[in-house]
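Hi everyone, thanks for coming. Let's have the picture up on the screen, and then I'll walk you through it piece by piece.

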Amino acid sequence: SMTPAGKSVYYFGFYLMISKNEFSQFDIPIKENELVTGLKFASNQDKVIIGIRYSSFSPAQKMVIYDLLMDEIILELSDPTISAGNYSWSNSGELIIYQKFSFDSGIKTPEIAIWDLDDNVSNTLVSDAYLPHFLP
């Protein structure tokens, strides 16, 4: 659950360090004009993707990976000319598949890309596609 100001998240889940269910909270490090658009926890719940719009005036959206055990952002995929969303974790937690739209590209349709977190590399897989999801 998000706080009304949109700067903290409260969640109930399995926490790896203490091996029991507990109610936890983490603060989202966003700038004053940024807006949180979504959250997606990894299957082992140690990381979360946070979708963040640059402002209420911009359709562009970035993705950040927040490590709950380290209590900090560990990776960020940001480019103000791209909107990244509809993200899905791989079961291993090493890959994220997502939909992107490039505002300054000649391609005016959404694309599906994959982000390899180990190498911090993102590659487009296919154009004119949307709503990607890893299968269990």
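Okay, let's start in the middle. The largest nonpolar core here has 13 residues, and Ile65, Ile96 and Trp115 are the ones with the most contacts inside it. By nonpolar core I mean a set of buried Ala, Val, Leu, Ile, Met, Phe, Trp, Tyr and Cys residues joined through side-chain atoms within 4.5 Å. Buried is under 20% relative accessible area, exposed is over 50%, and partly exposed is in between, with a 1.4 Å probe and protein chains only. Four elements give two or more residues to this core: strand E5 (61-67), strand E7 (82-89), strand E8 (95-102) and strand E9 (111-116). E7 supplies the largest share, three residues. Those labels are DSSP runs numbered from the N terminus, with at least two residues for a strand (E) and at least four for a helix (H or I). As general background, nonpolar side chains in soluble globular proteins tend to be buried together.

Before I go on, a word about where this comes from. It's a predicted model, where local features need pLDDT of at least 70 and side-chain atom pairs count only at pLDDT 80 or more, while totals for chains, interfaces and linings use all residues. Residues are numbered from 1 along each chain as its sequence is written, and side-chain values use heavy atoms, with hydrogens and water left out.

So, which residues is Ile96 in contact with, leaving aside its neighbours within four places in sequence? The list is Ile49, Ile65, Tyr87, Ser88, Trp89, Ala113, Ile114, Trp115, Leu117 and Phe134. Contact here means heavy atoms within 4.5 Å. Apart from the largest core lies another one, of nine residues, including Val48, Ile52, Tyr66 and Leu68.

Let's pick up Phe134 from that contact list. Phe134 sits in the segment after E10. Its C-alpha atom is 6.7 Å from that of Trp89, although the two residues are 45 apart along the chain. Not counting residues up to four places away in sequence, Phe134 touches Ser88, Trp89, Ser90, Leu95, Ile96, Ile97 and Ile114.

Now find E5. Why can we call E5 largely enclosed by the rest of the structure? Because seven of its seven residues are buried. Generally, side chains in a regular strand alternate between the two faces of the sheet. In E5, both faces are covered: one side has Gln61, Met63, Ile65 and Asp67, the other has Lys62, Val64 and Tyr66, and all of them are buried.

What about the partners of E5? Strand E4 (residues 47-53) pairs with E5 in the antiparallel sense over seven bridges, and Gly51 stands opposite Met63. E5 and E6 are also antiparallel, over five bridges. There, Val64 faces Glu76, and Asp67 stands opposite Glu72. To count as a pair, two strands need at least two bridges found by DSSP.

The hairpin of E5 and E6 has four residues between the strands, and one of its residues, Asp71, takes a positive phi near 60°. In general, most residues other than glycine have a negative phi. Leu69 is in the loop between E5 and strand E6 (72-77). With a relative accessible area of 38%, Leu69 is partly exposed. Together with Met70 and Ile74, Leu69 makes a nonpolar surface patch of about 240 Å².

Two further residues have a positive phi. Asn120, with phi near 50°, lies in the loop between E9 and strand E10 (121-127). Asn120 counts as partly exposed because its relative accessibility is 40%. Leu131 has a phi of about 55° and is in the segment after E10. Is Leu131 buried or exposed? It counts as exposed, because its relative accessibility is 56%.

Finally, let's zoom out. The protein has zero helices and 10 strands. Of its 136 residues, 40% are buried. Among contacts between residues at least 6 apart in sequence, 30% join residues at least 24 apart.

That's my tour, so over to you!

Notes: Patches are made of residues with over 30% relative accessible area and no salt bridge: like charges are joined within 9 Å, nonpolar side chains (Val, Leu, Ile, Met, Phe, Trp, Tyr) within 5 Å. Accessible areas come from the Shrake-Rupley method with a 1.4 Å probe; for residues, only the protein chains shown count as cover. A salt bridge is a side-chain nitrogen of Lys or Arg within 4 Å of a carboxyl oxygen of Asp or Glu.
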